[in-house]
Amino acid sequence: MGLRLGDEAPNFKAETTQGEVEFHTWKEGAWAILFSHPEDFTPVCTTELGAVARLRTEWQTRNVKVIGLSCNDLSSHGQWISDINTTQGCQVDFPIIADADRKVATLYDMLDYQDPSNVDKSGLPLTVRSVFIIDPANKIRLIMTYPAVTGRNFNEILRTIDSLQLGDRRKVATPADWTGKGDEVIIHNGVSNEEAARLFPGFKTVLPYLRTTKLDDR
């Protein structure tokens, strides 16, 4: 059975562009995003890593550490990072796992079993575009899987982190197309009307099971 929401994120040791990492120790006390790329020097991957690097301040504000993975060795990663920094107007300052043996990709079920063309020169399968959001307790809170040909929207991943962190703090859920501070949120169904009146003065009842409010924080 594959990984599911609420599972403990598997721990691992791996070589990265910033030295050896033991995953749980590296992310201790923080949220983490673990995301994979099919292969170095691919155009979509290059734009994605640039997008993540440019969001550096946003990750830091939310206590999020990011770590990438690609099925290549450290030498290849180093050359690729130079290309990314030059062409994407950024500075890649987060680690990228060297996973040429596919150990971490297999542990997290990232390998592409659908597209027979998504393989390296030796015929080994490459990864799809997997995303895992993992909380400070090392629990998996989100899993996204994109096909190899589709670049990810990291602003959506940022929005999802905002939603998860807000829900942990305030007993609320976020509705469709919620974008952040100032938007209405939904009061969790586990909160009674009496508790809602205390926690969210002036909340609105749209339906008995749909109660909304606005919050001052994100």
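# Backbone outliers and nonpolar cores

In this predicted model, D109 is partly exposed, with a relative accessible area of 48%.

User: What value does phi take in D109, and which loop holds this residue?

Analyst: Most residues other than glycine have a negative phi. D109 is not glycine, yet its phi is positive, near 55°. The residue lies in the loop between helix 5 (103-107) and strand 6 (129-134).

User: Is N138 buried or exposed?

Analyst: N138 is found in the loop between strand 6 and strand 7 (140-146), and its phi is positive, near 70°. Its relative accessible area is 14%. Buried means under 20%, so N138 is buried.

User: Which element gives the largest share of the largest nonpolar core?

Analyst: This core has 28 residues, and I33, F35, W59, V66, V92, F94 and I133 have the most contacts inside it. Elements that give two or more residues to the core include strand 3 (31-37), strand 4 (64-70) and helix 6 (154-170). The largest share, five residues, comes from helix 6.

User: Which residues does W59 contact, leaving aside its neighbours within four places in sequence?

Analyst: W59 is among the residues with the most contacts inside the largest core. With close sequence neighbours set aside, its partners are I33, V52, V64, V66, F154, L158 and I161.

User: How many residues make up the other core?

Analyst: This core lies apart from the largest one. Among its members are F12, F23, L34 and I140. The count is 19 residues.

User: What distance separates the centres of domain 1 and domain 2?

Analyst: The chain is divided into domain 1 (7-151) and domain 2 (170-213). Taken over C-alpha atoms, their centres are separated by 35 Å.

Technical notes:
Residues numbered from 1 in each chain as written. Predicted model: local features only at pLDDT ≥ 70, side-chain atom pairs only at ≥ 80, totals over all residues. Heavy atoms only, no water. Helix = DSSP H or I, 4+ residues; strand = E, 2+ residues; numbered from the N terminus. Buried < 20%, exposed > 50% of the residue type's maximum accessible area, 1.4 Å probe, protein only. Domains from an automatic or database assignment. Core = buried A, V, L, I, M, F, W, Y, C linked by side-chain atoms within 4.5 Å. Contact = heavy atoms within 4.5 Å.
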